[in-house]
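I opened this notebook to record what I looked up, entry by entry, and to keep each reading beside the question that prompted it.

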Amino acid sequence: MYREAKSLKTLLAEINAAAPRRSTASDGWIGDDAHATRESDHNPWVIDDKGVGVVRARDFTHDPVGGLDCNELARRLVALMLKGTHPALRSGAYVIWNGAIFSYDRRAEGWRVYRGTNPHTKHLHLSVATAAFGYDSTAPWGVMALLQLPKRVIRFLAEAKREIQRLRAARAAAITHGENPEPYTTAIKKTRAARRAAKRAAKR
């Protein structure tokens, strides 16, 4: 019998709420058979006061387009670790990302080269503290609030995505009819120029 550390569930909920469309292809918490044969925090080796095994590790998929950039997530987690303000980021906690590892217990050394077989370029690995008050802390993490883009930028990106989809559809239709459509960049510039002209006309 085993379970996931509460602090990791709290972080996962915050990440999913901020980036609901992110990829979870490399997400995971409980280890597979390969993990069970070696020392790994993905194994439920820590036992809580009820005799239940606790998994203190979770992987988060790197998906900048979907809203989770693990480069920035790693930086935010390490900043919290250095401040020592989150109970889950105390002794035993560490981050592995993009061939490097940063651990609380060796924080004075900064980022170190990670020599494991998996360089962790597709997902970030986070292990939380070994003490129960740390791994089962439900304190807010707040890292995604710092990662989220301003609403005006989000609106701009959404509008740009819709515009590109519309132009792709128009381009495909033109090619089907034997036409030679203009490049995307030219079409986008014309569309935006027309919108600006329409706004100016509306103000007159």
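The entries below take confidence, then one strand with its partners, then three single residues.

**Entry 1, confidence.** I noted at the outset that this is a predicted model, and I looked up how far the predictor trusts the chain as a whole: the mean pLDDT is 87, with 90% of the residues at 70 or more. I then asked where in the chain confidence is lowest and where it is highest. The low end is helix H2 (residues 33-36), with a mean of 57, while the high end is E5, at 98.

**Entry 2, the faces of E5.** I went to E5 next and sorted its side chains by direction, finding that Tyr94 and Ile96 point one way whereas Val95 and Trp97 point the other way. I recorded all four of these residues as buried. The pattern fits the general expectation that side chains in a regular strand alternate between the two faces of the sheet.

**Entry 3, the partners of E5.** Which strands pair with E5, and in what sense? I found E6 paired with E5 in the antiparallel sense over 4 bridges, and E8 also running antiparallel to E5, joined by 3 bridges. I followed valine 95 across to each partner: in E6 the residue opposite is phenylalanine 102, and in E8 the bridge partner is leucine 126.

**Entry 4, asparagine 98.** I moved to the loop between strand E5 (94-97) and strand E6 (100-103), where asparagine 98 is found. The hairpin of E5 and E6 has 2 residues between the strands, and asparagine 98 takes a positive phi there, near 50 degrees. I looked up its exposure as well and wrote down partly exposed, because the relative accessible area is 46%, which falls between the 20% and 50% cut-offs.

**Entry 5, histidine 120.** I found another positive phi in a residue other than glycine at histidine 120, near 60 degrees. Histidine 120 lies in the loop between strand E7 (112-113) and strand E8 (123-127). Is histidine 120 buried or exposed? I entered histidine 120 as buried, because its relative accessibility is 8%, under the 20% cut-off.

**Entry 6, threonine 10.** I closed with threonine 10, which is found in helix H1 (residues 6-18) and which I listed as buried because its relative accessibility is 17%. Setting aside its neighbours within four places in sequence, I asked which residues threonine 10 is in contact with, and I wrote down Ser137, Thr138, Ala139 and Trp141.

Note on methods:
Residues are numbered from 1 along each chain as its sequence is written. This is a predicted model: local features need pLDDT of at least 70, side-chain atom pairs count only at pLDDT 80 or more; totals for chains, interfaces and linings use all residues. Side-chain values use heavy atoms; hydrogens and water are left out. Buried means under 20% relative accessible area, exposed over 50%, partly exposed in between (1.4 Å probe, protein chains only). Contact means heavy atoms within 4.5 Å. Two strands pair if DSSP finds at least two bridges between them. pLDDT is the predictor's confidence in each residue, from 0 to 100.
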